[in-house]
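Dear colleague,

Please find below the structure for your review. My notes on what was found in it follow directly after.

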Amino acid sequence: MAIRVIISGGGTGGHIFPAISIANALKAMDPANEILFVGANGRMEMEKVPAAGYPIIGLDIQGINRKQLWKNIFLPFKLMRSLNKAKSVIKDFRPDVAVGVGGFASGPLLMMANKLGVPTVVQEQNSYAGVTNKKVGAKAAKICVAYEGMEQFFPAEKVLLTGNPIRRESIAIAGKREEALTFFGLDPHKRTILLLGGSLGAKTLNESVLAYLNELKGEDVQVIWQCGSFYVENLQAELAGKLPGNIKMLAFLQRMDYAYAAADLIISRAGAGTISELCVVGKPVILVPSPNVAEDHQTKNAMALVNKDAALLVKDSDAKKDLVPAALNLLKDAAHITQLSENIKKLGKLDADVQIAEEVYKLVNKK
């Protein structure tokens, strides 16, 4: 039976990639299923979703600006306009179910869907629920979460532990190590550290590498350094002729599968989507949570792994001094590396997209 589903939310890759994964799972179940995305005008979903082959409608909505409070003066008016547009979109598209993945646009869309009697599913990626999801979750039919203990934020009877949908092409690493090392021009006899700063980059992680360039040059290791598009030009200018040959600096990674396949140790921020991929990849990980996120949720995401001896944590404030030494020390501790790898693999959930799609179908059948 073909169904009609609206998927709303976005703002960051951590919201958009799971949303597209859910849409792909629904399409795989029945190619006749109709999917419509609703995003926020000016945000990256307005580009990424059409590139994935799905239509999207933008709402004129923004989040609360906590640094420049005066910019929030128009927020109530934007919210009213977005609610009215969401109502129009729902009445025109006539969805069987609405799915919200978090982000600005999911609030108005799910609020209006609940009001109009359309069953809703909330997908919460983080270990600390966002403001929008907590609000719409109270009336949702099902809340799909990636961490245990989320009953503190949502009605317990609605919570389902599915994990986060991940980019399957990124974690398809089996048998690719040799071609991955060739792709990056790396030495097959050296161990490889993969440092992930995200698409824009992470200033602290970049500074941590810069602080220990000479030490890294002298060690029997190599580094894939994803420095981010925001920082790459300045770093290229600063390091012209000085970058050691065992360090490969890239603005972004075209082939995440190769990056994961080449890595013996991964250093990363602690965004929910990235952590979900790392759990499936199963390599030892050092997490450096970003301090610049709401409710410090990246630290909470990271601690969910650290408390199960599935990852190490270095605070952002300590990273410049401690991160590279921690990585080099861990590479010398074979027993700890094995333990971390085994424990993080236990937390991996590969089929979250399919589980969430199946929940959507169950709601349609209940109507």
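Helix H4 (residues 106-115) is largely enclosed by the rest of the structure, because 8 of its 10 residues are buried. Those buried residues are Ser 106, Gly 107, Pro 108, Leu 109, Leu 110, Met 112, Ala 113 and Asn 114. Just after H4, Gly 117 adopts a positive phi of about 85°. Please bear in mind throughout that this is a predicted model.

Helix H14

Helix H14 comprises 13 residues (334-346). From its first C-alpha to its last it reaches 19 Å, close to the 18 Å expected at 1.5 Å a residue. The buried residues in H14 are Ile 337, Leu 340, Ser 341, Asn 343 and Ile 344. A general point applies to such a pattern: an α-helix has 3.6 residues a turn, so residues three or four places apart point the same way. The elements covering the buried residues of H14 include three helices, H11 (272-281), H12 (297-306) and H13 (319-331), together with strands E12 (285-287) and E13 (312-313).

Nonpolar cores

In soluble globular proteins, nonpolar side chains tend to be buried together. The largest nonpolar core here has 61 residues, of which Leu 194, Tyr 260, Ile 266 and Leu 287 touch the most other members. Helix H10 supplies the largest share of this core, with 6 residues. Leaving aside residues up to four places away in sequence, Ile 266 touches Leu 194, Leu 196, Tyr 260, Leu 278, Val 281, Lys 283, Pro 284, Val 285 and Ile 286. A second, separate core of 32 residues includes Leu 216, Ile 247, Leu 265 and Val 288.

Aromatic pairs

The whole structure contains 5 aromatic pairs. One of these pairs is edge-to-face, because the rings of Tyr 128 and Phe 153 have their planes at 70°, with their centres 5.0 Å apart. Tyr 128 lies in the loop between strand E5 (120-124) and helix H5 (131-137), and Phe 153 in the loop between strand E6 (142-145) and strand E7 (159-161), so the pair ties together parts that are 25 residues apart in sequence. Tyr 128 is partly exposed, at 24% relative accessibility, whereas Phe 153 is buried, at 16%.

The rings of Phe 183 and Tyr 258 also have their centres 5.0 Å apart, but their planes stand at 55°, so this pair is tilted. Phe 183 belongs to helix H6 (residues 177-184) and Tyr 258 to helix H10 (residues 256-262), so the pair ties together parts that are 75 residues apart in sequence. Phe 183 is partly exposed, with a relative accessibility of 46%, while Tyr 258 is buried, at 10%. Together with Phe 184, these two residues form one aromatic cluster.

Charges over rings

The ring of Tyr 258 has a further partner: the charged end of Arg 255 sits over it, 3.9 Å from its centre. Elsewhere, Arg 4 lies over the face of Phe 93, at 4.4 Å from the ring centre.

Salt bridges

Side chains of opposite charge can pair when their charged atoms come close. The structure holds 12 salt bridges. In one of them, the side chains of Arg 81 and Asp 60 meet with an N to O distance of 3.0 Å. This pair links distant parts of the chain, 21 residues apart, with Arg 81 in helix H3 (residues 75-93) and Asp 60 in the loop between strand E3 (56-59) and H3. Arg 81 is partly exposed, at 46% relative accessibility, and Asp 60 is partly exposed, at 34%.

Asp 264 forms a salt bridge with Arg 177, their closest N and O atoms being 3.5 Å apart. Asp 264 lies in the loop between H10 and strand E11 (265-268), and Arg 177 in helix H6, so the pair ties together parts that are 87 residues apart in sequence. Asp 264 is partly exposed, at 22% relative accessibility, as is Arg 177, at 30%.

Arg 255, already noted over the ring of Tyr 258, also meets Asp 257 in a salt bridge, at 2.7 Å from N to O. Arg 255 is partly exposed, with a relative accessible area of 32%, whereas Asp 257 is buried, at 5%. A network of salt bridges links both of these residues with Lys 176.

With kind regards

Technical notes: Residues are numbered from 1 along each chain as its sequence is written. This is a predicted model: local features need pLDDT of at least 70, side-chain atom pairs count only at pLDDT 80 or more; totals for chains, interfaces and linings use all residues. Side-chain values use heavy atoms; hydrogens and water are left out. Rings of Phe, Tyr and Trp (its six-membered ring) pair if their centres lie within 6.5 Å; planes under 30 degrees apart count as stacked, over 60 as edge-to-face and the rest as tilted. Helices (H or I, at least four residues) and strands (E, at least two) are DSSP runs, numbered from the N terminus. Buried means under 20% relative accessible area, exposed over 50%, partly exposed in between (1.4 Å probe, protein chains only). A charge sits over a ring if NZ of Lys or CZ of Arg is within 6 Å of the ring centre and within 35 degrees of the ring normal. The expected span of a helix is 1.5 Å times one less than its number of residues. Contact means heavy atoms within 4.5 Å. A nonpolar core is a set of buried Ala, Val, Leu, Ile, Met, Phe, Trp, Tyr and Cys residues joined through side-chain atoms within 4.5 Å. A salt bridge is a side-chain nitrogen of Lys or Arg within 4 Å of a carboxyl oxygen of Asp or Glu.
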